[in-house]
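Reader: Hey, can we go through this one together? I'd like to start with how the helices pack.

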Amino acid sequence: MVAPGLEGVFVAAGDPGRWMYDMEWSLDRAAWTAEAMTARIRAAAGLPDLTVEIIGMFPWDFGAEVAHRQTLGRTFLVGDAAHRTTPRGATGMNTGMADGHNLGWKLGWVARGWASPALLDSYALERAPVGRANAESSMISAIGAESAHSAAQDFEVVYAAGALLDSGGLVGRRAPHVWLTACGRRASTIDLFDDRLTVLTGTSDSVWRAGTDVLARTGVPVVALALGHELADPSGAFAAAYGLADDGAVLVRPDGYVAWQSRPGDTGADLRRAVCTVLGRAS
């Protein structure tokens, strides 16, 4: 509820007709009478004649905790084990799923021999700062002030270090969503990246395809998708969002994060070095 003075949330308690009402509590425990709570519940529900039976009332404290480290040897902490948040903003589950998404592809690639175990070191570098930031944010009450919680905490995370190269404005960010035509079908760019490295290129793609072919022969799952070939972008929105010149390229990881962005004069050799650096492999 967002009406002033009625902030709170109703949660179904399992049994038909049984609910839990959570609210920020006042230190004035004398105001916690059954009559006062009944009136508040009716007002919050918008049902002035609601029959209310209060089974119990109790205070509980919000708390957040962050582990000193998220990795130790072959052990990786994910979700609440790494960074326990409060329920505010509903960031806990989302942060945990993002942890798993980040770690999952890296474990899979190392297990298959596509990447060096050094790739696993990037998990804590990327996710620990996010977990700490979201845990701290969850301790801030939004009541009486503009909410500190938003989808940006999940979808606008930027990695400053990890399995990436700091060589462009998109590096470390989620690859932007843009509608385009991929292999003859309308698709979102975010559906192009699962299970492989993806090299998105401008119309002059020959040098990038050559670099991609060399990598593919080493067993790395990688594909090049080029404007004017596999991709059609009649509005120009895709090229603008990705900063793609005709001879440009962007490398996107299986989790949808941009790992490298070409600079003028880069070649297929630069792409290969970028991939090897991201995967922790020898050149």
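Author: Sure, and keep in mind that this is a predicted model. Helix 5 (residues 206-217) packs with helix 7 (residues 268-279) at an angle of about 40 degrees, and their axes are 8 Å apart.

Reader: What do you call helix 5 relative to helix 7, then?

Author: Oblique, because an angle of about 40 degrees falls outside the ranges for roughly parallel (under 35 degrees), roughly perpendicular (65 to 115) and roughly antiparallel (over 145). The crossing of helix 5 and helix 7 is right-handed.

Reader: Which residues make the contact?

Author: From helix 5 you have Val207, Trp208, Gly211, Thr212, Val214 and Leu215, and from helix 7 Gly268, Leu271, Arg272 and Val275. Sorted by class, the contact of helix 5 with helix 7 has six nonpolar, three polar and one charged residues.

Reader: OK, now helix 2 and helix 3. What's the angle there?

Author: Helix 2 (residues 91-111) and helix 3 (residues 121-138) pack at about 180 degrees, with axes 10 Å apart. That angle is why the two count as roughly antiparallel to each other.

Reader: And what classes of residue are in that contact?

Author: The contact of helix 2 with helix 3 has three nonpolar, seven polar and four charged residues. Among them, helix 2 brings Asp99 and Lys106, while helix 3 brings Glu126 and Arg127.

Reader: Switching topic: how many salt bridges does the structure hold?

Author: Ten. One salt bridge is between glutamate 65 and arginine 84, whose closest N and O atoms are 3.3 Å apart. Glutamate 65 lies in strand 3 (residues 65-66) and arginine 84 in strand 6 (residues 83-84), so this pair ties together parts that are 19 residues apart in sequence.

Reader: Strands next! What's the order in the open sheet of three strands?

Author: The order is 8-7-11, with antiparallel pairing. Strand 8 (185-188) and strand 11 (231-232) are at the edges with a single partner strand each, so one side of each has no neighbour in the sheet.

Reader: How many bridges join strand 7 to strand 8?

Author: Four bridges join strand 7 (residues 179-182) to strand 8. Across that pairing, leucine 180 stands opposite alanine 187.

Reader: Last one: what about strand 1 and strand 2, which way do they run?

Author: Strand 1 (residues 9-12) and strand 2 (residues 19-22) run antiparallel, joined by four bridges. Alanine 12 faces tryptophan 19 of strand 2. Their hairpin has six residues between the strands, and glycine 14 takes a positive phi near 105 degrees there.

Note on methods: Residues numbered from 1 in each chain as written. Predicted model: local features only at pLDDT ≥ 70, side-chain atom pairs only at ≥ 80, totals over all residues. Heavy atoms only, no water. Pairing = 2+ DSSP bridges. Axes fitted to C-alpha atoms, helices over the stretch in contact; angles between N-to-C directions. Left-handed = near helix turned anticlockwise from the far one by under 90°. Contact = heavy atoms within 4.5 Å. Nonpolar A, V, L, I, M, F, W, Y, C, P; charged D, E, K, R; others polar. Salt bridge = Lys/Arg side-chain N within 4 Å of Asp/Glu carboxyl O.
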